[in-house]
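Me: I'm new to reading protein models, and I'd like a close look at one part of this one. Could you pick a helix and walk me through what surrounds it?

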Amino acid sequence: MSRATSEDTIPVVSANVTTVEKPRGQLESDIPEDPPDGGFRAWLVVFGTMFNTFSTLGYSNSWGAFQRYYQETILKDSSPSSIAWIGSIQFASLFLPALVVGRLFDIGYFRSVYIASSILLVVATFLVAECTVYWQFLLCQGLATGIACGGLFGPTAAIIAHWFKKRRGLAMSYVAMGSSIGGTVLPIMIKHLLGLVGFPWTMRIIGFIFILTVGISNLTLKRRLPPKNVSGGLFNLQAFKFAPYTIYCISGFVNFLGLYTVLAYIDVSALSAGVSQDFSFYFVAIANASSFFGRYCSGLIADKIGSLNVMIPFTAVAGVLTYIWPFVHAEASLVVVTIIYGFSCGSYVALLTNPLVEMGGLGDVGRRTGMFRTLIGVGGLVGTPISGAINSATGGFHAVGYYAGTAVMVAVALMCVARQLAVKRLLGKF
């Protein structure tokens, strides 16, 4: 067997078929082409990625605890919508850097980006403890924390794709469960710590927790395949010639215009419906806790029938509940809506990038998922503020439910179109 030279090429399937060079000195039999789909090293990567999503998406989903505290104390002179922009920027920045992070992952710059992002997250969290005015929170908790989380969260789907194929749905469900744990534990912890030790030490404790969690993920995450410099540059417009990819990207953008509206405003709407302030705080935690089970179950089913075949019906349920939510006023009924919504929404989020991995080769999986995540980040940035503006203009949540629910249902229709274009038949695994 001879060593590969710079003339050796292998095909990579993407939106268009291209060829890439093998790294000089790489033996053709060094690394198996197919992922191992298990084993100690593969599951160790999943374990580390759960700590990643706990610290990134789970932390971003805990924003509601900060929103209420800032409105009542440190930033009480700022409007609620202005304060909400801190959380929106943090959440959007979780996805917006994915285009750059994904491309850097493909060409071999995973470790340096990951370590730098880990340091930035810890430093930014400790700096939030020292913030006293709005612009400081906007920079530290909104922008710096968001960019750090984006650098950490960006390569997760690509890394899992290196290690799993047949059991990718289950692996990604475990990864997503990390964010459910974070979104459940962190808000409750923040609420109690604020009363016990005050705001500065609450943030410092979170910073120490992140040292542990991102430290574990740094030690356990590892790419399996060598880097490949697939042609097309940072933003590969050729990928959008593949209709299923284009339609799926549009569906993600539209979905994020409305999907997180219920999660963002369920506690506020509960207060207006007469639910006590102490109990209304726990609605976000209830939604995140129920999403834990939705993410696990969806992963199990997806490996058998296909990711989109699971995502479409569960997302439709989330859309219907978004329509219903503003009309529910009894505490027990709101809890039921929140549980079912969290389960359904979690099923969608857990499998979000799985269809994208199936739409091309592993050589540019980082760029392919990165372009998608950047697009949905724009939807996430403007979606919640639009819902807030509708609420302010109408004085209630009925119109908000119509807007957000319609966005989700349009996204469901687009996912159906993407699936049909990919499978080209009514029944089939995808």
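**A close look at helix H10**

Reply: Let's start with one residue: leaving aside residues up to four places away in sequence, Thr-213 touches Phe-51, Phe-54 and Ser-55. Thr-213 lies in helix H10, and because its relative accessibility is 5%, under the 20% cut-off, Thr-213 counts as buried.

Keep in mind that this is a predicted model. Helix H10 (residues 199-220) is where confidence is highest in the protein, at a mean pLDDT of 97, while strand S1 (residues 9-12) has the lowest, at 31. Over residues 1-30 the pLDDT is below 50, although this stretch has 51 contacts in the model beyond near neighbours in sequence. Where pLDDT is low, the predicted coordinates should not be read in detail. For the protein overall, the mean pLDDT is 86, and 91% of residues reach 70 or more.

Now back to our helix. Arg-204 forms a salt bridge with Glu-130, and the closest N and O atoms are 2.9 Å apart. Arg-204 lies in helix H10 and Glu-130 in the loop between H6 and H7, so this pair ties together parts that are 74 residues apart in sequence. Is Glu-130 buried or exposed? Glu-130 falls in between: it is partly exposed, because its relative accessible area is 48%. Side chains of opposite charge can pair when their charged atoms come close.

The count comes to 2 salt bridges, so let's visit the other pair too. Arg-168 forms a salt bridge with Glu-358, with the closest N and O atoms 2.7 Å apart. Arg-168 lies in helix H9 (residues 168-197) and Glu-358 in helix H17 (residues 354-358), so this pair ties together parts that are 190 residues apart in sequence. Here Arg-168 is buried, with a relative accessible area of 7%, whereas Glu-358 is partly exposed at 45%.

Finally, look at the two helices on either side of the loop that holds Glu-130. Leu-120 lies in helix H6 (residues 110-128) and is partly exposed, with a relative accessible area of 32%. Together with Val-133, Trp-135, Leu-139, Leu-143 and Ile-147, Leu-120 makes a nonpolar surface patch of about 520 Å². Helix H7 (residues 134-153) gives the most to this patch, with 4 residues. A general point helps when you look along a helix: an α-helix has 3.6 residues a turn, so residues three or four places apart point the same way.

Notes: Residues numbered from 1 in each chain as written. Predicted model: local features only at pLDDT ≥ 70, side-chain atom pairs only at ≥ 80, totals over all residues. Heavy atoms only, no water. Patch = residues over 30% accessible without salt bridge, like charges linked within 9 Å, V, L, I, M, F, W, Y side chains within 5 Å. Areas by Shrake-Rupley, 256 points an atom, 1.4 Å probe, with all protein chains shown as cover. Salt bridge = Lys/Arg side-chain N within 4 Å of Asp/Glu carboxyl O. Buried < 20%, exposed > 50% of the residue type's maximum accessible area, 1.4 Å probe, protein only. pLDDT = per-residue confidence, 0-100. Contact = heavy atoms within 4.5 Å.
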